[in-house]
Amino acid sequence: MTTAEQLNVGLGQIQLARNDEILASILGSCIGVVIYDPQRKIAAFAHVVLPLSGGRPGSPGRFADTAIPAMLQELRNQGANPQQLRAKITGGACMFGNNQMNIGDRNAEEVRRQLKEKKVPLISEDVGGTKGRKVFFSPYTSQMEIVINGVNSTII
């Protein structure tokens, strides 16, 4: 019996996976964005930290406005069919109790806007709340498992 390889996605990173590999991350106010091709069983996961780059240098995965185009390019380079791409998002918690500066809401809003602009259907999402999440995505099943501390896991 073989065990699926787990690929951890850190702050600002973009990671690709195929078939039975598992993409995993831990999110607070950050957004975990997965764009995947369910037929070719390939996925890209970005751990988005902030909504807009504003021209700042850094990893493309760090900002929503640079992560989505970079993910789409990587998926095309790996043979994904742009017509089959789908997205799921999670995270965006209000971790610090200050709703006026809620970076999680701003991150989620910008990710949704970027996906809509690039015409990638957002199939499902689990965002908001006040607790962090552990997230696992399988390109093979196209399922995202979300575990919130003290709550049962959810599959989207």
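1. Strand 9 first. Spanning residues 143-148, strand 9 has two faces: Met144, Ile146 and Ile148 are on the covered one, while Gln143, Glu145 and Val147 are on the uncovered one. Bear in mind that this is a predicted model.

2. Who are the partners of strand 9? Strand 8 (residues 133-138) pairs with strand 9 in the antiparallel sense, over six bridges. Within that pair, Lys134 has Val147 of strand 9 as its bridge partner. Four residues sit between the strands in this hairpin, and one residue to look at there is Ser142, which takes a positive phi near 60°. Strand 10 (residues 154-155) also pairs with strand 9, again in the antiparallel sense, this time over two bridges. Here Glu145 has Ile155 of strand 10 as its bridge partner.

3. Now the five-stranded sheet. This sheet is open, its pairing is mixed, and the strand order reads 2-5-4-6-7. Strand 2 and strand 7 (122-127) are the edge strands; each has a single partner strand, so one side of each is left without a neighbour in the sheet. From one strand to the next, the twist averages 15°.

4. At the strand 2 end of that order, strand 2 and strand 5 run antiparallel and are joined by five bridges. If you want a landmark in this pair, try Gln15, whose bridge partner in strand 5 is Phe45.

5. Two helices go with the sheet. Helix 1 packs on it and touches strand 2, strand 4 and strand 5, with a direction about 165° from that of strand 5. Helix 2 packs on the sheet as well, touching strand 4, strand 5, strand 6 and strand 7; its direction makes about 20° with that of strand 4.

6. What about the largest nonpolar core? It has 21 residues, and the members that touch the most others are Val33, Ile35 and Leu115. At least two residues each come from strand 4 (31-37), strand 5 (42-48), helix 1 (64-77), strand 6 (86-91) and helix 2 (103-117). Helix 1 makes the largest contribution, with six residues.

7. Val33 is a good place to click. Setting aside neighbours within four places in sequence, Val33 is in contact with Ala44, Phe45, Ala46, Val48, Ile68, Met71, Lys88, Ile89 and Val111. Apart from the core just described, there is another one of 17 residues, including Leu23, Leu27, Val34 and Val135.

8. Val9 deserves a look too. You'll find Val9 in the loop between strand 1 (6-8) and strand 2 (14-18). Is Val9 buried or exposed? Val9 counts as buried, because its relative accessibility is 4%, under the 20% cut-off. Its contacts, leaving aside neighbours within four places in sequence, are Gln15, Leu23, Ala24, Ser25, Phe45 and His47. Val9 and Asn19 are ten residues apart in sequence, and their C-alpha atoms are 17 Å apart in space.

9. For anyone planning to ask about disulfides: a search of the whole structure finds zero. Cys30 is in none, its nearest cysteine sulfur being that of Cys94, 13 Å away. Why is there no bond for Cys94? Its sulfur is 13 Å from the closest cysteine sulfur, in Cys30, which is too far for a bond. Cys30 is buried, at a relative accessible area of 8%. Cys94 counts as buried as well, at 10% relative accessibility.

10. The loop between strand 6 and helix 2 holds Phe96. With a relative accessible area of 72%, Phe96 is exposed, as the cut-off for that is over 50%. From Phe96 to Ile35 there are 61 residues in sequence and 28 Å in space, C-alpha to C-alpha.

11. Asn102 is also in the loop between strand 6 and helix 2. Asn102 counts as buried, at 8% relative accessibility. A polar atom of the Asn102 side chain lies 2.9 Å from the backbone nitrogen of Gly104. Not counting residues up to four places away in sequence, Asn102 touches Ala93 and Cys94.

Note on methods. Residues numbered from 1 in each chain as written. Predicted model: local features only at pLDDT ≥ 70, side-chain atom pairs only at ≥ 80, totals over all residues. Heavy atoms only, no water. Core = buried A, V, L, I, M, F, W, Y, C linked by side-chain atoms within 4.5 Å. Buried < 20%, exposed > 50% of the residue type's maximum accessible area, 1.4 Å probe, protein only. Contact = heavy atoms within 4.5 Å. Disulfide = S-S within 2.5 Å. Pairing = 2+ DSSP bridges. Axes fitted to C-alpha atoms, helices over the stretch in contact; angles between N-to-C directions. Polar contact = N/O pair within 3.5 Å; in protein donor to acceptor, adjacent residues only side chain to side chain.
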